[in-house]
Amino acid sequence: MPKDNRDEYEYTPLLIKEPEETKRALKFPNKSLLLATFAACIGGTFQYGYNVSVINAPTKHVQNFINQTWTERYQTDITVDAVTLLWSTIVAIFTLGGLIGVSLGGTLSMKLGRKGTLLANNILALLAALMMGLSYPTGSFELIIIGRLLIGLNAGIGLCVQPLYLTEIAPTAIRGLMGMGTSVFVTGGILTGQVMGLKELLGGEEYWPFLLSTTCIPAALQLLTLPWFPESPRFLLIDRGDDEGCKKALMKLHGVASCDKEREEIEKERNNLTGFKAMKPWEVFVDRSMRWQLLTIIVLNSAQQLNGINAIYFYADYVFRQAGIPSEKIPYAAVGTGACECLTALTCGLLIDSLGRKVLITGGYTLMSICCILFTLTMTFQNTGPVFPYLSMACIFAFILSFGLGPGGVTNILTMELFTQNARPAAYMIAGSINWISFFLISMIFPFIVIGLQQYCFLVFMVICTMVALYIFFIIPETKNKTFLEIQSEFKSATKRRP
C-alpha cells in the first residue's frame, strides 16, 4: 500500500481541448485504487457475467443428466417437454434470484456497509458452488436449481453494491474510468465463462459439475483480497459519521496529496444532506424533484437489456446458424463476441473521462440502430450470395462493439452519478430491479419474436435503440468532471426550463 504520495495519479495530457475553465489532465488510478477495484469486482459483477455465459456450454450434458436421473428414480422416461421445462427453470431462476438480490442489496449496503455486504455476499456463491458440484454425485438435479437461485442472489446483490463501492472510492476526475470497472468485469466474466465452457477445457460431458462449481473461485479471490482495503469513505463520513475512518480510508486509497481535496467534496455533500435520511425506493418514486432522474434510470436500464445484446448471448447458436456459421465453430464465434465486448469496455474506460458520458452512450445506441438495419438486410439476402453470411457476422460483431463502447458501461455510471448519497442505494435498487425484470422478459419473448418476424426481428431492437438515443440527446446533461451536487443542481435547473 502507498505510504506517501509517490503512487499518486499519473498525468498524461489530453490533446482534446476541454471547455471547462479549469482544464484537467487525463488521470489514471494509482496502485491502491486499481487493486481495490479488482478486489471489489472479481466477486461482484464478474460473477454476474460469468454465470450468464457459463450455463450455455453444458446445456446438453445437464439435460442428459436430468433424463438419466429421472429414469433411475422413477423407472420411466421423462418427456421432452418436462426436460425442457426443468432446463428452462435452471436458466430462468438465475434471474429470479438476481431480482431478489438487487432488492436486498441497497438495504444490506446501509446495514453492513459496502465492503461488508460484498464480503458477506460470497457465502451465497460458495453455497451455490457446493450445491451444483454435489448435484451429479448425489443424483439430484434439484441441487442445480437451488445453486442457480443462490448464485442469482449473489449476482443481484453484487450488481447493486459493487458499483456503489467503486463510485464512492473514486476521485471526481476519474470517476468515469473507475466506474467502467463494472462493465469491464461483466464482459470479462462473460468471456471467461465462454472460454471455460470450450470442450478443450471444462466443456466435456464428464466435467460439467466442475464447470458449474467454478463460481467458488471468484468468491474465494474476493475473500482473500477485499479485506485489505478500506470501507467507502463517503459511507463512513456521510452515513456513519466516522471522520477518522473516512480520513484513513482516503489516505490509503488516494494518498496524502489528494486526501484533503476529496474530503472537502465529501464534507460539502454531507452538509448539503444534513437532516436527510437514506431514502427508500418508494420515497424516490414519490419525490417530484427526482422524477427526471428516476425516468432516466428506468429508460437506460430497461434499454440496456432490451436493445438486443442479451438476445445475442442467450440465443447465440440460433443467431450464428442463421448467419451461416457451421455448428462446430459456433462456440469459438461466441468467444469472439465476448472478446470484442471486453475490449470495447476497456476502450470506453479510457475515453469516458475525455469524450464524456453523453457522447459515448448516444453514439453507441446510434451505431447499434444502424447495425440492426444492416443485419436485417444481410439476413434477407443471405441465400443470394456467399458473402452475405460473413456480412451478417460482421454486423453482429459491430453491434457488440457499439454496445461495449457506450451503453454497456456508461449506463451504470449515469445511474450512480444522477443521485446524491442519501438516494443512491435506493436508485440502484430500482435500476437493478428494472434490469433484472427486463432481462427475464427478453429471455422469454425473444423466441416468439424470432418465430413471428424471422430475419426482421432486430428491427424491434432498432426502434428501441433509436428512441433511447433521442431521449439521451435531448434530456440527459453531460456529467463528466462534475461533483454529485453540481449534477443535481444542473438537473434541477433543466427541470425548471423543461416544459
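**Exercise 1. A residue in a loop**

Where is Q75 found? Locate the residue, then describe its backbone and its surroundings.

*Solution.* Remember as you work that this is a predicted model.

- Step 1: Go to the loop between α3 and α4, where Q75 is found.
- Step 2: Look at the backbone. Q75 is not a glycine, yet its phi is positive, at about 55 degrees.
- Step 3: Judge the accessibility. The relative accessibility of Q75 is 67%, and the cut-off for exposed is over 50%, so Q75 counts as exposed.

**Exercise 2. The whole protein**

Describe the protein by its secondary structure, its burial and its contacts.

*Solution.*

- Step 1: Count the elements: there are 23 helices and two strands.
- Step 2: Turn to burial. The protein has 499 residues, and 57% of them count as buried.
- Step 3: Consider contacts between residues at least 6 apart in sequence; 82% of these join residues at least 24 apart.

**Exercise 3. The helices on either side of the loop**

Now take the helices that flank Q75, α3 and α4. At what angle do they pack, and which residues make the contact?

*Solution.*

- Step 1: Find helix α3 at residues 59–74 and helix α4 at residues 80–111. Their axes are 10 Å apart, and the angle is about 125 degrees.
- Step 2: Name the arrangement. An angle of 65 to 115 degrees would be roughly perpendicular and one over 145 roughly antiparallel; about 125 degrees fits neither, so α3 is oblique to α4.
- Step 3: Give the handedness: the crossing of α3 with α4 is right-handed.
- Step 4: List the residues. From α3 come T59, V62, Q63 and I66, while α4 supplies V83, L86, W87 and I90.
- Step 5: Look at the spacing in that list. Residues three or four places apart in an α-helix point the same way, because there are 3.6 residues a turn.
- Step 6: Sort the contact residues by type: six are nonpolar, two are polar and none is charged.

**Exercise 4. A second pair to compare**

Repeat the analysis for α18 and α20. Is their crossing left-handed or right-handed?

*Solution.*

- Step 1: Helix α18 covers residues 357–380 and helix α20 covers residues 407–417. They pack at about 140 degrees, with axes 9 Å apart.
- Step 2: Since the cut-off for roughly antiparallel is over 145 degrees, α18 is oblique to α20.
- Step 3: The crossing of these helices is left-handed.
- Step 4: On the α18 side, the contact uses R357, L360, I361, G364, Y365 and M368. On the α20 side, it uses P407, V410, T411, I413, L414 and E417.
- Step 5: By type, this contact has eight nonpolar, two polar and two charged residues.

**Exercise 5. Two helices and their lengths**

Check the end-to-end reach of α1 and α19, and find their buried residues.

*Solution.*

- Step 1: Helix α1 runs over residues 31–42, which is 12 residues. From first C-alpha to last the helix reaches 16 Å, close to the expected 16 Å at 1.5 Å a residue.
- Step 2: Helix α19 spans residues 388–405, or 18 residues. The expected span is 26 Å and the end C-alpha atoms are 25 Å apart, which agrees.
- Step 3: In α1, the buried residues are S32, L33, A36, T37, A39, A40, C41 and I42. Their cover includes α2, α5, α6, α7, α9 and α11.
- Step 4: In α19, the buried residues include P389, M393, I396, F399 and F403.

**Exercise 6. Three residues in their surroundings**

Classify T192, S369 and D239 by burial, and find what they touch beyond four places in sequence.

*Solution.*

- Step 1: T192 lies in helix α7. With 29% relative accessibility, T192 counts as partly exposed. Its contacts are F46 and Y50. The C-alpha atom of T192 is also 8.6 Å from that of G49, although 143 residues separate the two along the chain.
- Step 2: S369 is in helix α18. The relative accessible area of S369 is 8%, under the 20% cut-off, so S369 is buried. S369 is in contact with M462, C465 and T466.
- Step 3: D239 belongs to helix α10 and is partly exposed at 27%. D239 touches M110, R114, R234 and Q421. Between the C-alpha atoms of D239 and R270, 31 residues apart along the chain, the separation is 8.7 Å.

Note on methods: Residues are numbered from 1 along each chain as its sequence is written. This is a predicted model: local features need pLDDT of at least 70, side-chain atom pairs count only at pLDDT 80 or more; totals for chains, interfaces and linings use all residues. Side-chain values use heavy atoms; hydrogens and water are left out. Axes are lines fitted to C-alpha atoms, for helices over the stretch in contact, and angles run from 0 to 180 degrees between N-to-C directions. Helices (H or I, at least four residues) and strands (E, at least two) are DSSP runs, numbered from the N terminus. Angles under 35 degrees count as roughly parallel, over 145 as roughly antiparallel, 65 to 115 as roughly perpendicular and the rest as oblique. A crossing is left-handed if the near helix is turned anticlockwise from the far one by less than a right angle, and right-handed if clockwise. Contact means heavy atoms within 4.5 Å. Ala, Val, Leu, Ile, Met, Phe, Trp, Tyr, Cys and Pro count as nonpolar, Asp, Glu, Lys and Arg as charged, and the others, Gly among them, as polar. The expected span of a helix is 1.5 Å times one less than its number of residues. Buried means under 20% relative accessible area, exposed over 50%, partly exposed in between (1.4 Å probe, protein chains only).
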